[in-house]
Amino acid sequence: MKKIGLVTLVFLLGTLGVFAQNADNVAQWQFKFAKSGFEMGEEVELVFLVQLEKGWSLYSSDCKAKKGVEPTKFEFAENGSFAVTSTIVPVAPLAQKNEVEGAETTYFTQKGEFRTKVRLDDPNYDITGTIKGTLYNERSGKSIPFQKTFHFLN
């Protein structure tokens with residue numbers, strides 16, 4: 001009887017550990033300007049960095065493969081203080097060709113980087129928005145959709 005209780009306890013604790021993982025634990029985001037010291041009207045580069053927990057991957061913004069795979073998307077909240085002047089560019093994602101679909105799955109492991117450019121139109125700029133995507137664990141087969149707010153403030 002004690003053996004069954006111990007096995008049940010170990011199973012429950014393991015299950016709770018799996019459910020306890022969420023996107024904020026798996027992916028740590030950092031937002032910064034590529035350089036400092038710029039003037040209004042100037043085009044500046046935004047850098048989005050992500051550090052991933054071991055064993056987890058993040059689908060890239062240019063990922064086109066696999067049904068059900070959601071590429072990472074960046075949405076900016078327009079407020080008149082800036083204008084997005086380029087598309088989001090993933091920096092050196094890994095790629096794996098899907099032979100069935102004939103397309104590549106692009107993704108990041110351990111760390112990832114995305115960049116885009118904006119023009120600053122107001123000295124009190126407030127560049128905000130959301131990042132949406134999917135984190136994937138190859139070993140467990142678990143996927144976690146996420147949404148993260150970003151801010152670049154003056």
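This report walks through the confidence, the nonpolar cores and a few individual residues of the structure above.

## How far to trust it

Keep in mind that this is a predicted model. Mean pLDDT for the protein comes out at 84, with 81% of residues reaching 70 or more.

The stretch to be wary of is residues 3-20, where pLDDT stays under 50. For that stretch, the model has three contacts beyond four places in sequence.

## The main core

In soluble globular proteins, nonpolar side chains tend to be buried together. Here the largest nonpolar core has 27 residues. The members that touch the most other members are W29, F33, F48, L58, I127 and L135. Several elements each chip in at least two residues: the helix α2 (23-26), plus the strands β1 (27-33), β2 (43-52), β3 (56-59), β9 (111-120), β10 (126-137) and β11 (142-153). Of these, β2 gives the most, with five residues.

There is also another core apart from that one, made of five residues. Its members include Y59, V69, Y107 and Y136.

## L135 and its surroundings

L135 is worth a click in your viewer. Setting aside neighbours within four places in sequence, L135 is in contact with A23, V26 and A27, and also with L52, W56, S57 and L58. The rest of its list is K142, S143, I144 and F146.

## S57, a serine on the inside

Is S57 buried or exposed? With a relative accessibility of 13%, S57 falls under the 20% cut-off, so it counts as buried. S57 is found in strand β3.

What does S57 touch, leaving out neighbours within four places in sequence? Its contacts are L52, Y107, F108, T109, T134, L135 and Y136. Among those partners, L135 belongs to the largest core, while Y107 and Y136 are in the five-residue core.

## Two loop residues with positive phi

Two spots show a backbone angle you may want to look at. A92 has phi near 55°, a positive value in a residue other than glycine. A92 sits in the loop between β6 (89-90) and β7 (94-98). Its relative accessibility is 66%, over the 50% cut-off, so A92 counts as exposed.

Q110 is the other one. Phi for Q110 is near 65°, again positive in a residue other than glycine. You'll find Q110 in the loop between β8 (103-109) and β9. At 57% relative accessibility, Q110 counts as exposed too.

Technical notes
Residues numbered from 1 in each chain as written. Predicted model: local features only at pLDDT ≥ 70, side-chain atom pairs only at ≥ 80, totals over all residues. Heavy atoms only, no water. Core = buried A, V, L, I, M, F, W, Y, C linked by side-chain atoms within 4.5 Å. Buried < 20%, exposed > 50% of the residue type's maximum accessible area, 1.4 Å probe, protein only. Helix = DSSP H or I, 4+ residues; strand = E, 2+ residues; numbered from the N terminus. Contact = heavy atoms within 4.5 Å. pLDDT = per-residue confidence, 0-100.
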